[in-house]
Amino acid sequence: AQDPVQAAADLERALSEESRPWVRREILSDLVRCATFQRQFAVAGSRYLAIETSDPDTPHLAVIPLRWTTAPPTRDDRAAAVKWLRSKSATANLMGASQLLLDPEFSSEAEATLRRIGRGDSLRLQPLAQWQSRRAEAFSGRPRLSDLQYWQRSFDQLPVHLQAGPAYLVAEALDRRAESALAASYWLRLVTSEAGDLWLLADSLERGAEALRTAGQTSEAAALRDERQRRFPNWVREPAAPA
């Protein structure tokens with residue numbers, strides 16, 4: 001498959017030449033993937049909202065650009081997220097809350113928004129909001145084993161097309177408990193799910209390789225690293241979250 005960074009220009013050109021709504025939605029979904037891979041969430045979010053405006057029941061929910069790491073948003077992404085958080089669209093609210101969940105100025109509002117959506121009427125958005133609410137805890141290193149067992153049961157009940165981000169959180173929480181082999185299994189589940197977030201997929205290949213190496217499975221780790229380099233040569237790590 002073409003690298004997302006290289007594919008974006010070709011997709012933009014195809015979109016400008018296409019008039020059929022269903023084809024435009026397909027192209028837009030690929031453009032969301034490309035923008036998310038480059039961590040351009042403002043661009044990705046506007047593209048995704050265009051898909052949903054054209055088809056409110058879009059089958060492209062898996063590409064909705066949510067943040068599953070602790071890296072802070074860029075200035076442009078933060079500005080877009082503030083607007084989304086105050087929008088009348090529940091989807092925009094979810095995307096905005098995802099970007100601002102760990103922002104000191106907006107975290108309380110983002111948490112309340114995720115609770116509202118997680119208990120709301122949208123069965124499509126409910127599980128994503130519920131899992132987004134677990135993000136800070138997953139990276140804290142504090143989830144108890146009983147909590148993680150509940151997370152794993154909850155994960156198994158998710159539709160496959162929504163499992164990528166939650167798999168990343170479960171893997172992260174397990175890795176911080178030094179459960180390297182089990183963490184690797186969840187990063188690999190994300191890889192086999194063919195996640196809508198291609199950056200997350202590439203990162204999971206890298207993180208899975210690191211976890212397997214820690215667990216002593218060096219040949220498997222090398223194979224994952226090689227796959228990441230082959231499929232995503234332009235992938236770069238996100239900047240670390242501020243301490």
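**Notebook: helix packing and selected residues**

Entry 1, α10 and α12. I began with the crossing of α10 and α12, which I note as left-handed. I keep in mind throughout that this is a predicted model. I then looked up the geometry of this pair, and found that helix α10 (residues 164-176) packs with helix α12 (residues 198-214) at an angle of about 25°, their axes being 11 Å apart. Because angles under 35 degrees count as roughly parallel, I enter α10 as roughly parallel to α12. Going down to residues, I find A164, G165, Y168, E172 and D175 on the α10 side, where they meet W199, L200, D203, S204, R207 and A211 of α12. Sorted by class, this contact of α10 with α12 holds five nonpolar, two polar and four charged residues.

Entry 2, α3 and α5. Which way does helix α3 run relative to α5, roughly parallel or roughly antiparallel? I find that helix α3 (residues 41-54) and helix α5 (residues 90-100) pack at an angle of about 165°, with 10 Å between their axes. Since angles over 145 degrees count as roughly antiparallel, α3 is entered as roughly antiparallel to α5. For the handedness, I note that α3 passes α5 in a right-handed crossing. The residues making the contact are F41, G45, Y48, L49 and E52 from α3, together with T91, A92, M95 and Q99 from α5. I divided the residues of the contact of α3 with α5 by class and have five nonpolar, three polar and one charged.

Entry 3, S98. I stayed with helix α5 to look up S98, which has its place there. Its relative accessible area is 0%, so I count S98 as buried. Leaving aside the neighbours within four places in sequence, I find S98 in contact with L66, R67, Q132 and R135.

Entry 4, helix α2. I checked the length of helix α2 (residues 21-37) against expectation: at 1.5 Å a residue its 17 residues should span 24 Å, and because the end C-alpha atoms are 24 Å apart, the two agree. I next asked which residues of α2 are buried. My list for α2 reads V23, R25, I27, L28, S29, L31, V32, C34, A35, T36 and F37. As for the partners of these buried residues of α2, I find them packing against α1 (4-17), α3 and α12. I also looked up E26, which lies in helix α2 and is partly exposed, its relative accessible area being 38%. From E26 to L205 I have 179 residues in sequence and 26 Å in space, C-alpha to C-alpha.

Entry 5, α2 and α12. I took up the α12 partnership separately, and find that α2 and α12 pack at an angle of about 50°, with their axes 7 Å apart. At that angle I enter α2 as oblique to α12. The contact is made by R33, T36 and F37 of α2 with L198, W199 and A202 of α12. By class, I have four nonpolar residues, one polar and one charged in the contact of α2 with α12. Returning to my lists, I note that T36 and F37 stand among the buried residues of α2, and that W199 also belongs to the contact of α10 with α12.

Entry 6, positive phi. I looked into backbone angles with the reminder that most residues other than glycine have a negative phi. R39 has a positive phi of about 60° although it is not a glycine. I place R39 in the loop between α2 and α3, and since its relative accessible area is 12%, I count R39 as buried. A178 likewise is not a glycine, yet it has a positive phi of about 65°. I find A178 in the loop between α10 and α11, where, at 63% relative accessibility, A178 counts as exposed.

Entry 7, A183. Is A183 buried or exposed? I find A183 in helix α11 (residues 180-192), and because its relative accessibility is 0%, I count A183 as buried. Setting aside the neighbours within four places in sequence, I have A183 in contact with A171, L174 and D175. Of these, D175 is a residue I had already entered on the α10 side of the contact with α12. I also looked up the separation of A183 from D147, which is 36 residues in sequence and 15 Å in space, C-alpha to C-alpha.

Definitions and conventions:
Residues numbered from 1 in each chain as written. Predicted model: local features only at pLDDT ≥ 70, side-chain atom pairs only at ≥ 80, totals over all residues. Heavy atoms only, no water. Axes fitted to C-alpha atoms, helices over the stretch in contact; angles between N-to-C directions. Parallel < 35°, antiparallel > 145°, perpendicular 65-115°, else oblique. Left-handed = near helix turned anticlockwise from the far one by under 90°. Contact = heavy atoms within 4.5 Å. Nonpolar A, V, L, I, M, F, W, Y, C, P; charged D, E, K, R; others polar. Buried < 20%, exposed > 50% of the residue type's maximum accessible area, 1.4 Å probe, protein only. Expected span 1.5 Å × (residues − 1).
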